[in-house]
Amino acid sequence: MLRGDLDSIVVGRDSNVQDNAVVHVDRGLPALIGRRVTVGHAAVVHGCSIGDDCLVGMNRRSTVARWSARIGRRERAVVRENASFPRGLIAGVPAKTIRSVDETLRRRIELSWPIYRELAKASLPARPRLKRSFEAVSLDLSAEFTRLVREE
C-alpha cells in the first residue's frame, strides 16, 4: 500500500514494492525510494529515503532513514529517526550495520529488481488465462536468486 496523503512518495526506475508492504509519509517527511530497489513483502517504509541498489527484506521496518544498503531478511531491523547507514547489511533493534556487502549479497541485490521487472513484462498487459492452474511464469534469474537466499 502506498499512502502519500501528507507528502510525496517517489519510487525510482526499476524498483518494486512487494505484496503487503506499506509505504507511508508524514508532513515534511516524504518516502523516497531509489532506483533498482526491492522493498520486500510486508516491509514498512515510513517517511524515509532509500538509496539506489538496495534490498529491504521482508517484514522490515524503516522510519525516517537514509541508507544505501540492505535490511536483513532473517534479522529484525528497526531504523531510528534520522539514522543514516553506509553500504552494508543492516539489522537489529535499533538497526546497525552488522557486516559489509560481500559478493553473494551484492549479487542478491543485483538480481532482486530484474526478476520483478521481467515478471511485469511477462504479465502486463493481461495475458490469456493459463490452461492449467499450476502453470506459472518461469524466470531464469529467479532460480539463481532462490539459491542465493537458501545459501545465506
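A salt bridge is taken here as a side-chain nitrogen of Lys or Arg within 4 Å of a carboxyl oxygen of Asp or Glu. I apply that to a predicted model.

**Entry 1: Asp53 and Arg36**

I looked up the salt bridges and found eight in the structure. I began with Asp53, which forms one with Arg36; their closest N and O atoms are 2.7 Å apart. Asp53 sits in the loop between strand 8 (49-50) and strand 9 (55-56), and Arg36 in the loop between strand 5 and strand 6, so the pair ties together parts 17 residues apart in sequence. I checked the exposure of both partners. Asp53 is partly exposed at 25% relative accessibility, and Arg36 is partly exposed at 22%.

**Entry 2: the network in helix 1**

Next I went to Glu110, which forms a salt bridge with Arg106, the closest N and O atoms being 2.4 Å apart. Both residues lie in helix 1 (residues 103-123), four residues apart, about one turn of the helix. Glu110 also forms a salt bridge with Arg107, where the closest N and O atoms are 2.3 Å apart. Glu110 and Arg107 are three residues apart in helix 1, again about one turn. I noted that salt bridges with shared partners join Glu103, Arg106, Arg107 and Glu110 into one network. For exposure I have Glu110 at 33% relative accessible area, partly exposed. Arg106 is partly exposed at 33%, and Arg107 is partly exposed at 24%.

**Entry 3: positive phi**

I then looked at backbone angles. Most residues other than glycine have a negative phi. Which residues other than glycine did I note with a positive phi? Arg36 has a phi near 60°, and Ala42 has one near 65°. Arg36 is in the loop between strand 5 (31-33) and strand 6, while Ala42 is in the loop between strand 6 and strand 7 (44-46). Ala42 counts as partly exposed, at 27% relative accessibility.

**Entry 4: Thr38 and Val39**

Between those loops I checked strand 6 (residues 38-39), which holds Thr38. Is Thr38 buried or exposed? Its relative accessible area is 3%, and the cut-off for buried is under 20%, so Thr38 is buried. Leaving out residues up to four places away in sequence, Thr38 touches Asn16, Gln18, Cys54, Leu55, Val56, Ser112 and Trp113. With the same neighbours left out, Val39 touches Asn16, Val17, Gln18, Ala21, Ile33, Val45 and Val56.

Val39 also belongs to the largest nonpolar core, which has 13 residues; Val23, Ile33, Val37, Val39, Val45 and Ile50 touch the most other members. Apart from that core I found another, of six residues, among them Ala77, Val79, Ala83 and Ala95.

**Entry 5: strands 15 and 16**

I looked up one hairpin. Strand 15 (residues 89-91) pairs with strand 16 (residues 96-99) in the antiparallel sense, over three bridges. Ile90 stands opposite Thr97 in strand 16. Four residues lie between the two strands, and in this hairpin Gly92 takes a positive phi near 105°.

**Entry 6: the whole chain**

Last, I took the totals. The chain has two helices and 16 strands. It has 152 residues, of which 39% count as buried. The exposed area is about 8,800 Å², with 51% of it supplied by carbon and sulfur atoms. Among contacts with a separation of 6 or more, 16% are between residues 24 or more positions apart.

Technical notes:
Residues are numbered from 1 along each chain as its sequence is written. This is a predicted model: local features need pLDDT of at least 70, side-chain atom pairs count only at pLDDT 80 or more; totals for chains, interfaces and linings use all residues. Side-chain values use heavy atoms; hydrogens and water are left out. Buried means under 20% relative accessible area, exposed over 50%, partly exposed in between (1.4 Å probe, protein chains only). Contact means heavy atoms within 4.5 Å. Accessible areas come from the Shrake-Rupley method with a 1.4 Å probe; for residues, only the protein chains shown count as cover. Two strands pair if DSSP finds at least two bridges between them. A nonpolar core is a set of buried Ala, Val, Leu, Ile, Met, Phe, Trp, Tyr and Cys residues joined through side-chain atoms within 4.5 Å.
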